[in-house]
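Take a walk through this protein with its ligand in place. The route starts at the ligand, then follows the sheets, and ends at two backbone details.

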Amino acid sequence: MKGPSVVVIGSGPSGFYTAESISKKLNSNIDIIDRLPTPFGLIRGGVAPDHQTTKKITAIYSKIAKKEQVNFFGNIEIGKDISIDEIRKIYDVVVLAIGSELDNKLEIKGSNLKGVYGSAEFVGWYNGHPDYVSLEPDLNTENVVVVGNGNVAIDIVRVLSKTSEEMINSDIPEYALNSINKSPIKNLYMVGRRGPIEAKFTNVELREMGNLKNCLPIVNLDLPSKVVGNYSERDQRLIEKNLETLKSFSLIEKNNKEKKLNFNFFQKPIEIIGNERVESVNFETTKLEGTKLKSTGEINNINCGLIISAIGYKPKEVPGIKISNGVVKNNNGKIDKGFYAAGWIRRGPTGVIGTNKADGELVADLISKDFKDQNKDGRKSLIELIKSKNLKSTSFENWEKIDSYEKKNAVEPAPRKKILTIKEMLNLCNI
Ligand code: NAP
């Protein structure tokens with residue numbers, strides 16, 4: 001290959017789309033590095049275990065990984081095993097596609113109490129992410145509060161509401177399924193600090209909450225009859241759909257479904273109360289003046305034994321990277337000549353999986369303008385560096401071994417039984 005040597009750090013959607021775009025534009029070797037032994041980032045560890053159709057996108061990423069130009073190096077953490085400086089010294093082009101993997105924390109009194117979790121850790125727990133399999137959240141409570149009105153909040157209340165029969169096609173680990181099934185959860189509260197017009201969840205995800213076997217959605221709010229605000233035609237249509245769906249929820253006759261999902265709007269969390277463990281949470285009623293959120297002084301308390309905040313994400317600190325306003329300092333994808341960013345680390349944690357495709361194209365364009373030829377030998381030096389540091393890296397073939405083992409061990413119709421620790425993954429691959 002004569003084109004610049006390229007390494008993409010992170011093997012989630014933005015990493016794979018970037019590798020694909022570069023492979024179409026440049027005659028380059030492209031290496032994809034991930035800190036986990038397994039590829040696919042949020043598709044494996046973030047997308048809900050019952051949304052298997054969404055996870056099928058990995059078939060496309062696998063084709064990219066198998067392109068002659070592309071190599072996968074798993075179980076290598078950039079910033080820890082290999083520094084940013086070291087990796088920049090051996091590749092012409094380094095693309096950061098590391099996402100935003102940490103929770104934005106609720107910055108209110110009591111948020112450090114036991115029983116309060118962020119969505120990254122809670123979702124990681126029910127998705128069998130090696131970082132969070134030992135979280136052991138105590139679900140021995142009737143009432144659960146999920147703070148936030150985005151799709152992650154919806155994912156969490158849905159996974160906590162579905163029956164084991166509804167999860168039968170999922171790859172939720174047994175420990176999480178058992179813990180949810182055994183729990184006495186009856187009332188779920190999904191609480192937004194603004195209203196139904198401003199909610200961030202999308203309609204397909206919202207509608208699904210009306211079709212659950214054992215959970216009744218409850219909306220107790222006079223819903224606005226029209227969308228007020230400065231929205232594009234498309235957004236206006238989408239908001240109208242959400243309002244229709246919420247209206248349909250408010251008209252469902254009360255039934256004897258065991259679980260209730262309460263949609264609470266205009267409630268801002270102000271304090272979590274408890275001795276050691278969370279016992280309740282205070283919300284203050286808000287109102288909107290234009291786009292400004294105003295407090296009203298009215299306080300409402302919800303008793304609960306578990307709070308999950310799903311209020312967005314921030315990137316992990318990596319030595320050698322400057323984070324500002326929740327993204328790496330960059331100019332439309334360029335950090336520096338030879339150093340680029342794509343996906344959530346470039347633009348923040350928004351959009352859908354496909355949004356990352358445009359990110360990949362943007363970065364590939366920048367790179368093909370900045371570089372024509374190879375100056376640094378990239379892959380060869382990476383392999384030497386891995387060897388000299390005694391690191392244990394996984395290849396895409398290793399991942400395929402893990403993948404087929406997980407599939408083979410699944411109890412039908414579950415698609416896979418995930419391996420839960422890095423140690424077991426490496427053992428399986430004799431690494
Ligand atoms: P999100 O869509 O940005 O939603 C975050 C929510 O948290 C908003 O309702 C926000 O309210 C609220 N919030 C933020 N700070 C808060 C605070 N201090 N107190 C109370 N509420 C607060 O983020 P997300 O749900 O984490 O999703 C991230 C991205 O992944 C989104 O683009 C999402 O669509 C995508 N995703 C998609 C799917 C899917 O397609 N099925 C599934 C999961 C995730 P304000 O609006 O008032 O700021």
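Lys-200 places a polar side-chain atom 3.1 Å from an oxygen atom of the ligand. This is a predicted model, so read each distance as computed from predicted coordinates. Asn-149 also faces a ligand oxygen, but through its backbone: a polar backbone atom of Asn-149 is 2.9 Å from an oxygen atom of the ligand. Glu-205 pairs with a nitrogen instead. An N or O atom in the side chain of Glu-205 is 3.0 Å from a nitrogen atom of the ligand. How much of the ligand does the protein bury? Taken alone, the ligand exposes 920 Å², and the protein buries 79% of that.

Now widen the view to the shell. There are 20 residues around the ligand. Asn-149, Arg-193, Arg-194, Glu-205 and Gly-351 come nearest. By type, the shell divides into eight nonpolar, seven polar and five charged residues. Which helix or strand gives the most to this shell? The answer is helix α7, residues 151–161, with three residues. Both domains take part. Domain 1 (6–101 + 315–428) and domain 2 (107–310) each supply at least three residues of the shell.

Next come the sheets. Strands of a sheet pair through backbone hydrogen bonds, in either a parallel or an antiparallel sense. One open sheet has six strands, in the order β6-β14-β7-β8-β10-β9, and its pairing is parallel. Which strands stand at its edges? They are β6 (116–118) and β9 (215–219). Each has a single partner strand, so one side of each is left without a neighbour in the sheet. From one strand to the next, the twist averages 20°.

Look at strand β10, residues 259–264, in that sheet. Five bridges join β10 to β9, and the two strands run parallel. Follow the residue pairs to trace this pairing. Cys-215 has Lys-259 in β10 as its bridge partner. Ile-218 stands opposite Asn-262 in β10. Strand β8, residues 187–191, is also joined to β10 by five bridges, and these two strands run parallel. Here Val-191 stands opposite Asn-264 in β10.

A further open sheet also has six strands, in the order β3-β2-β1-β4-β19-β18. What is its pairing, parallel, antiparallel or mixed? The pairing is mixed. The edges are held by β3 (70–73) and β18 (334–336). Each of these has a single partner strand, so one of its sides has no neighbour in the sheet. Neighbouring strands of this sheet are turned against each other by 20° on average, direction ignored.

The edge strand β18 shows an antiparallel pairing. It pairs with strand β19, residues 339–341, over two bridges in the antiparallel sense. Lys-334 has Tyr-340 in β19 as its bridge partner.

Two loops close the tour. The first lies between β16 (323–324) and β17 (327–328), and Asn-325 has its place there. Asn-325 is not a glycine, yet its phi is positive, at about 50°. The other loop runs between α14 (396–408) and α15 (422–428), and it holds Pro-413. What kind of peptide bond joins Glu-412 and Pro-413? The bond is cis, with omega about 5°.

Terms used. Residues are numbered from 1 along each chain as its sequence is written. This is a predicted model: local features need pLDDT of at least 70, side-chain atom pairs count only at pLDDT 80 or more; totals for chains, interfaces and linings use all residues. Side-chain values use heavy atoms; hydrogens and water are left out. A residue is near a molecule or strand if one of its heavy atoms lies within 4 Å of it. A polar contact is a pair of N or O atoms within 3.5 Å; within protein, one must be able to donate a hydrogen and the other to accept it, and residues adjacent in sequence count only if both atoms are side-chain atoms. Accessible areas come from the Shrake-Rupley method with a 1.4 Å probe; for residues, only the protein chains shown count as cover. Helices (H or I, at least four residues) and strands (E, at least two) are DSSP runs, numbered from the N terminus. Ala, Val, Leu, Ile, Met, Phe, Trp, Tyr, Cys and Pro count as nonpolar, Asp, Glu, Lys and Arg as charged, and the others, Gly among them, as polar. Domain bounds come from an automatic or database domain assignment. Two strands pair if DSSP finds at least two bridges between them. Axes are lines fitted to C-alpha atoms, for helices over the stretch in contact, and angles run from 0 to 180 degrees between N-to-C directions.
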